[in-house]
Amino acid sequence: MLLKRQKEASDRGGPPSGRQAPRIELREADGTRLCRFFGDWETSSVAVVDGELRKLEKNLDARPLTIDLSQVERFDTAGAWLIERLATAQADKGGETTIEGAHPGAQTLIEAVHHAVANRALVAPEARPILPLRILEAIGRSVYRMRDDFFLAMHILGATIRGAQLKMGRGHAVNPAAIFHQIDRMGVGAIPVIVLMSFIVGAIVAQQGAFQLRYFGAEILTVDLVSILVLRELGVLMTAIMVAGRTGSAITAEIGSMKMREEVDALTVIGLNPVGVLVFPRLVALVIALPCLTVIANFAAIGGAMVVAWSYSGIPPETFLDRMRDGIGLNTIFAGLIKAPFMALIIGIIASVEGMKVGGSAESLGRQVTSAVVKAIFIVVILDGLFAMFYATIDF
C-alpha cells in the first residue's frame, strides 16, 4: 500500500504521502541573494521544484548567492545535483555561491557531486591521432595479435605432440574411435564435393588450354599442362581450400561452442588436457584425410580433363594416358602430396586457435569462425607459394 501511495503521489507531480514537498524561498538584502530550501529534496520529490529552479538559474547575476539548507528535512543525490547545477549557473554569471546550514550527510553528498563534476570537466576528450598514426597503430596492433596467435598455435601443437607421446606410453589412452570418427566426418564426408569441384576445375583447365594451344597446333600439350598443373599445384591447393572452408570452420565452431558453454574449463577441472581431448583427434584425422582427399582430387581432375580432351580436342583416353606416362614422373606426383600434411596441420592449428579464442557471445563465435577460414586459406596459399619456390631451388 505504501508503494502504491508513493506512485500515485508521483503521478500527481508531488511527493509521496508523509513527506514534505520541496520549495524555494528567495530573498534579497545588502546586495546579496539568500535562497532557502525547505522540505524533502529527494529523487521522488525534486521534480516539483525543477521548473522553478531553472527559472531562478536564468535570472541569476553576479551578486553573491547564499543557499540555506537548514530547513531541509531529507536529502539525497538528486538534491545535491540540483544544488550543484544552481552553483554552476551562478559561477557562469561570475558570482560566488555559499552553502549554509547543511547537515553532515548533505554536506558530504554535495562535496562528492561537486568533485565528480569538477573531475569530469578536467578530463579533456582524447584527441584523435592523424591518419598516418592511426595506420601505424593498426599495424602495430595486428603484429601483436599475430604474435599472440603464433604463441597459442605453438602451444597447441606442442601440447598435442606431448599429449600423444604420453598417451602412447599408456596404451589404452589413445582413442582410435575418436580419430576414425573425425576421419569419417572430415574425409569421407568431403569426398562428393571434392570430386565434383576437382572434376570441373580439371575440365575447365583442359578446355582453356586446348583452346589456346590449338592456334599453335599443339593440342596434345594440353595433357602435359593439365597433368603438371593438377598434380603439382591445383589438386592439393583446391582440396586444402575446400577443407579449410568445410572442416576448419566446423572445428572452430565446435571448440568455440564448447568454450562458450564452459565445457573446456570442465575438462580442465576433471584433470583432462583440453588440447589432447579436443584437438589431437581432429589434427591426426586432418593429417590423414587431406593427403587421401588430394589423391582423389587428382584422379577427379585428370578424369575431367580426359573427358574434355576427348570431346573437345579428339584426344582419346589411351593417348591421354600414354602422354601422361611420358610427360610426368614420380617427382611431379609427390610434389603435391608432400604439401598435404603441412597444409592439414596449418588448417587444424589455426581452426583450434580461433576456437579457443571464442568469448561468451554468438557474435564472437561467428567472428572467430570467419577469421579461421580466412586465415587458413591465406596461410595455405602462402605455404603453396613457398613450396613452389623451394622446389624450384632444389630442381624437384
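Okay, let me start with one residue: Arg323 comes out at 29% relative accessibility, so we call it partly exposed. Keep in mind that this is a predicted model. What does Arg323 pair with? Its salt-bridge partner is Asp224, with the closest N and O atoms 2.7 Å apart. That contact ties together distant parts of the chain, since Arg323 sits in helix H11 (residues 317–327) and Asp224 in helix H8 (residues 221–260), 99 residues apart. And Asp224 is buried, at a relative accessible area of 16%.

There's another bridge to look at, between Lys375 and Glu354, at 3.0 Å from N to O. Here helix H14 supplies Lys375 and helix H13 (residues 339–356) supplies Glu354, and the two are 21 residues apart. Lys375 is partly exposed at 29%, while Glu354 is buried, with just 2% relative accessibility.

Now stay in H14 for Glu363 and Arg367, whose side chains form a salt bridge at 3.9 Å, N to O. Those two are four residues apart in the helix, so about one helical turn separates them. Glu363 is exposed, at 61%, and Arg367 is partly exposed, at 45%. The structure holds 25 salt bridges, and I'll mention one network, which links Glu28, Arg33, Asp61 and Arg63.

On to the rings. The count is seven aromatic pairs. One of them is Phe37 with Trp41, stacked at 4.2 Å centre to centre with 10° between the planes. Both Phe37 and Trp41 are buried. Then there's Phe387 with Tyr391, a tilted pair at 5.7 Å and 50°. That pair is back in helix H14 (residues 362–394), four residues apart, about one turn, and both residues are buried. Phe387 and Tyr391 also belong to an aromatic cluster with Phe342, Phe390 and Phe396. And if you like a charge over a ring, look at Arg23: its charged end sits over Phe38, 4.1 Å from the ring centre.

What about the surface? There's a nonpolar patch there made of Ile130, Leu131, Leu133, Ile135, Leu136, Ile139 and Val143, with about 690 Å² of accessible area together. Val143 is in helix H5 (residues 131–170).

Last, zooming out. We have 14 helices and four strands. The radius of gyration is 38 Å, where a compact globule of 396 residues would be near 21 Å. The C-alpha trace spans about 115 × 60 × 40 Å along its principal axes, and buried residues make up 40% of the protein. Okay, that's my tour.

Key
Residues numbered from 1 in each chain as written. Predicted model: local features only at pLDDT ≥ 70, side-chain atom pairs only at ≥ 80, totals over all residues. Heavy atoms only, no water. Phe/Tyr/Trp six-rings, centres within 6.5 Å; stacked < 30°, edge-to-face > 60°. Buried < 20%, exposed > 50% of the residue type's maximum accessible area, 1.4 Å probe, protein only. Lys NZ or Arg CZ within 6 Å of the ring centre and 35° of its normal. Patch = residues over 30% accessible without salt bridge, like charges linked within 9 Å, V, L, I, M, F, W, Y side chains within 5 Å. Areas by Shrake-Rupley, 256 points an atom, 1.4 Å probe, with all protein chains shown as cover. Salt bridge = Lys/Arg side-chain N within 4 Å of Asp/Glu carboxyl O. Rg over C-alpha atoms; globule rule 2.2 N^0.38 Å.
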